[in-house]
Amino acid sequence: MINKISHTITTKLSGCLALALLSFAAHSAELAYVTNEKDNNISVIDLASLDVVKEIPVGLRPRGIIFNKEQTLAYICASDSDTVQILDLATDQVIGELPSGADPETIALHPHGKIIYTANEDDALMTIIDIESRSVIGQVDVGVEPEGLAVSPDGSLAIVTSETTNMVHWIETKTNTNIANTLVDSRPRAAEFTKDGSQLWVSSEIGGTVSLIDVASKKIIKKFNFALNGIHKDRIQPVGIKLTANERFVYVALGPANHVAIIDTKSQEVTKYLLVGRRVWQLAFNHDQSLLLTTNGVSGDVSVIDTAKQKVIRSVKVGRYPWGVAIRQLSK
Amino acid sequence: MNLSHYYVAFLGIVSRELHRFFQQRTRLLSALIRPLLWLVVFAAGFRAALGVSIMEPYGTYITYQTYITPGLCCMIILFNGMQSSLSMVYDREMGSMKVLLMSPLPRPFLLFCKVFATALLSLIQVYIFLALAQLVDVEIDFMGYITAIPAVFLIALFLGALGLMLSNLIKQLENFAGVMNFVIFPMFFLSSALYPLWKMKEASLWLYWICHYNPFSYCVELLRFALYEQANTDTLMVLIPITCVVVVLALASFSPKSGGRR
C-alpha cells in the first residue's frame, strides 16, 4: 500500500518536474517587447524568468509594435516623432524609419510581409507603406480618428476602425479602396480576424461591447456585454482583443476596469474576469499561447496570464505607461 | 512514569477534545459564521480597494477577499484559542478538569496537551473555512494548503497559550465579553489582517507602529506567506521565541484553584 502511494507520489512529482522543465524550455527562448509611452523606450521581458532584462531607447511616445515575418526587426510607432521606427533586434539599434505620416498609433503587417499598414489618427487616413523601398505607396481616406488595424489571413482585406466615426472600414488590399463600412458601438479600438477570415472581432471602448462581425455580409452577428461586480459600467472599456489559436477563447482587455474578460466562443458567453493592473490596454500571446501578456498603462506593469489555468500568475513592473506588446521567439 | 503513559494521556486528551468538538455542531457553525460574514459581506464592498499595488507574497494584483483570508484564518484561531483557554479556567472548578489534574503526570504536560488539542481544532476550523473561501474565488494552490499547516499550528499554539496566560493572570477577564473587547478586537483590528501596514502608515504613523509591533500581525503575515508556499523568516524569528515564552508562562502560571491567581 505504502509502496503504491509512494510510487504514485514519485510519478506525479517527476511528472511535475518534467512539465516544469518542458515549460521552462518552451519559455526560455522568448522575449516580450513592451513599448513605454511616457518613458520613450521599450522594456524587454524574458518570459522564462519574467524579469525585465533590458531597456531600449526609441522615439517619442512609442505605441504600436510589431515584428517582421522573420522576427529580426521590430516596427515601432513613435507617435510623437511622427514616424515608424525600425529596430534591429540583434543589435537593439534603431536602423531606420518608415514614412508613416503624422501620429502613427497602430500598425499591421500584410501576411506576405512586404507591406505595412498604419493609421494616422489626426489625418483620418490609412497609410500603406512598402517596407523594402521604405516609401508610402498609398493612402486611403477613412473615418475620423482611425485607430485599430487588422489584415485578413489571406491578405485580401485590411480593416481600420475609426474612433469617432464609430465604423469598421473594409479596404480591399488589391486596389486599396474602401469597399464597405460597418457601424459598431462607439469608439471602436482593436480588431482581430478569425483564422479562416470569415469573422472579425471588434472592441468598442466607450460602447463597452465587443462585436462579432460576419465578414461576408459585413454585418454584426453577435454583441458581447461585460459586467463586473463593484465596477461602474462606464469604466468597462474594451480595448485589446486576442483569439486563441483554436478560437475557443477570446481575451478582451477592459481598460480602466482593470480586468481581462474571457469569452468562451462555444457557449458564446463571458465566462471569466481576471484581475490585472490598472488601465489594461493591449494583449499578446507567446508562441505556444501558454501565456498571455497584458500592458497596464496606469500601474506601469505587465500582467502575465497562464492561459491553461486562466489565472494571472505575475505582474511585472516595466516603464511608465506601457502601451503595446509583441513577443519574439529566439530559436525555432 | 514512562513515555507510554505520556502518550496515552496525550492521545486521551486530544481525542476527547476532538470528540467534544464534533458533538457540538453549533460551536463549529458559530466559529465559521463570523469569518464568513467578514469575507462575504464586508470584503464585498472593498472588492476593488486593494488592486493598486503588488506586494509580497502576491506576484500580481489580488482582490480584497484574497487579502483578508489569512487574517480571517488567524481570527478563527484567535477566537478558538481564547474560548477554550477561558473554558479551561471555568472547568478547573469542576468536572473533567479536576479529574484531569488528579493525574500523576506533571500538570504542565497535561495543560500542554489541552493547548495542543485546541491547536488541532483550530487547524480543522481554518481548513473548513479555506474550503468555503474557494466559493468566493479565493484561489490558493494545493501546495499552499500543505505549507500552511505548520504555520497554522504554530499560530494556534501561540494564541492558545496566550489565552491561557491571560486568563490566569487577569481575573477580570473571566467573562468572554471582556476578552472580546480588550483582547480579541484590539489584536485583530490593530494588525495587518484588514489592511496592509503601508496603508496604515498613510493613515497614521503611530497606528502603524502599534500594528507593526502587534504579535498578531506576525501571525497573519506568517500565514499569508505560508499559503503561498513561502516561509517568512522575519516573522518566524519573532513568533517562535514569543510562542516558547508564552507557552512556558501560561503553563507556569496556571493554578488549579479558582480565582486564577496563585
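## Cores and strands in a predicted model

Let's start inside: the largest nonpolar core has 85 residues, and those with the most contacts within it are A:Ile159, A:Val252, A:Val260 and A:Leu293. Strand E5 of chain A, covering residues 73-78, gives this core its largest share, five residues. Apart from it lies another core, this one of 72 residues, including B:Ile13, B:Leu78, B:Cys211 and B:Val220. Keep in mind that all of this comes from a predicted model.

What is A:Val260 in contact with, leaving aside its neighbours within four places in sequence? Its partners are A:Tyr251, A:Val252, A:Ala253, A:Leu254, A:Leu274, A:Val276, A:Val280, A:Thr294 and A:Ile305.

Now for the strands. In chain A, four of them make an open sheet with antiparallel pairing, in the order E12-E13-E14-E15. Strands E12 (146-151) and E15 (177-183) of chain A sit at the edges with a single partner strand each, so one side of each has no neighbour in the sheet. From one strand to the next, the twist averages 25 degrees.

Here are two antiparallel pairs from chain A, each with one facing pair of residues:

| Strand pair | Bridges | Residues standing opposite |
|---|---|---|
| E14(A) and E15(A) | six bridges | A:Trp170 and A:Ala180 |
| E10(A) and E11(A) | six bridges | A:Asp130 and A:Ser135 |

Strand E10 of chain A spans residues 125-130, and strand E11 of chain A spans residues 135-141. Their hairpin has four residues between the strands, and A:Arg134 there takes a positive phi near 50 degrees.

Notes
Residues numbered from 1 in each chain as written. Chains lettered and ligands numbered in written order. Predicted model: local features only at pLDDT ≥ 70, side-chain atom pairs only at ≥ 80, totals over all residues. Pairing = 2+ DSSP bridges. Helix = DSSP H or I, 4+ residues; strand = E, 2+ residues; numbered from the N terminus. Axes fitted to C-alpha atoms, helices over the stretch in contact; angles between N-to-C directions. Core = buried A, V, L, I, M, F, W, Y, C linked by C-beta atoms within 7 Å. Buried ≥ 20, exposed ≤ 12 C-beta atoms within 10 Å, placed from the backbone. Contact = placed C-beta atoms within 7 Å.
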